[in-house]
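Open your viewer, show the backbone as a cartoon, and keep the selection tool handy. We will take this chain one stop at a time.

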Amino acid sequence: MIAETKYGKAVAFLRSGFFAFGLLLSAVWEGPVAAQDNEEAALSREEIVQLVVLANLEFTLLHEIGHALIDHFELPVFGREEDAADQIATTTMILRNNADVDAYAIDRLLAVSGQWLSEWKEERRVLGSAHAFWDSHSLSIQRFYNINCLLYGANPDELSFLLDSEGLPAERGFLCEDAYKLAYRSNLWLLENYGRAATDIVPFHGLTVEFQPTRDPRHEKVRGWIVSSGLVRDIAARATEFFPWRREVPVRFVNCPGSAEAFYNRNVAEITVCYELLELFLTSVEKDFAAELAVVCGNAGLRRLFAARLSCLPE
Ligand SMILES: [Zn+2]
């Protein structure tokens, strides 16, 4: 009755008003980065690259699980589903460790919002922004600000360096504590109304994880990080424990030549993550490392992650 015990714990957290949802869906991820002390300088370049790639995978997977929850349990959504999935992912990552957001949780969220900023810059450079306006997702640059806003709203003291910066203009920042309260309340509502009941243990369907063989050394490298970190396995296990899925929801890591994406397919209730998307995250963070010092040091999120490695001048 392990599941029953764990669920009991989660309910206790929920009733105490603390971080239930973060415990619920997110991984107990103690990868190589978390094993270090809090000195940024202690992180090697490889560890930072790994942190950024896995953080973006974590966000991606939680976003797709958000779609799966909305579909599977026919959740009401007021607004765009893509924004709701982003909010579920962001709030869950914020709460992953505890209500008092720890340094590594912050680093991971900044790594995710930094990726959206990079994508926005790339979109403008390569395509112009025509497609972005009719897409079902918010603009990459809005996703960057939305994540920073919830992160700041969850912990304004720790994140004060973000307010009134390129990452979060003050006019938006003043609304973020309320925005986070609403996101938190919504996640608790989801757990209270749709979480697995203690009596609802069997049948026990949930998320399963499959890795298609990779065809590229860079894909294999990231796949190795995923497996050794336990990140995906743990997220899948928690999503399984805490929601009474009526059927299996496979999470498949697959080769998608020419297509860097992840998606939830509601026709077959499956989550697909392309290795090519993970490679995009990898290439992006490698490019950040190669970027001009002033660019990296001038970006609040990147600065936090890379400053010690790159010897940014004091602000
Ligand atoms: Zn989506």
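Here is a short walk from the whole chain to its strands, a helix pair and a single residue.

**Before you click**

This is a predicted model, in which local features need pLDDT of at least 70, side-chain atom pairs count only at pLDDT 80 or more, and totals for chains, interfaces and linings use all residues. Residues are numbered from 1 along each chain as its sequence is written.

**Stop 1: the whole chain**

Colour by secondary structure and you will find 14 helices and four strands. Helices (H or I, at least four residues) and strands (E, at least two) are DSSP runs, numbered from the N terminus. Of the 315 residues, 42% count as buried, meaning that 20 or more other C-beta atoms, placed from the backbone, lie within 10 Å of a residue's own. Take the contacts between residues at least 6 apart in sequence: 68% of them join residues at least 24 apart. Two residues are in contact if their C-beta atoms, placed from the backbone, lie within 7 Å.

**Stop 2: the strands**

Select residues 262-265 and 270-274, which are strands S3 and S4. They run antiparallel, joined by four bridges; strands pair if DSSP finds at least two bridges between them. Asn265 stands opposite Glu270. Together S3 and S4 form a hairpin with four residues between them, and Ala269 in the turn has a positive phi of about 50 degrees.

Now add residues 249-254, strand S2, which runs parallel to S4 and is joined to it by four bridges. Look for Val254, whose bridge partner in S4 is Cys274.

**Stop 3: two crossing helices**

Next, select H4 (residues 81-94) and H7 (residues 140-154), whose axes come within 10 Å and cross at roughly 40 degrees. Axes here are lines fitted to C-alpha atoms over the stretch in contact, with angles running from 0 to 180 degrees between N-to-C directions. Show side chains for Asp86, Thr90, Thr91 and Ile94 in H4, which meet H7 residues including Arg143, Asn146 and Leu150. The residues of this contact divide into five nonpolar, three polar and two charged.

**Stop 4: Leu110**

Finally, centre on Leu110 in helix H5 (residues 103-126). Is Leu110 buried or exposed? Leu110 is buried because 25 other C-beta atoms lie within 10 Å. Leaving aside residues up to four places away in sequence, Leu110 touches Gly301, Arg304 and Leu305. Try a distance label to Leu302: the C-alpha atoms of Leu110 and Leu302 are 7.5 Å apart, although 192 residues separate them in sequence.

Technical notes
Buried ≥ 20, exposed ≤ 12 C-beta atoms within 10 Å, placed from the backbone. Nonpolar A, V, L, I, M, F, W, Y, C, P; charged D, E, K, R; others polar.
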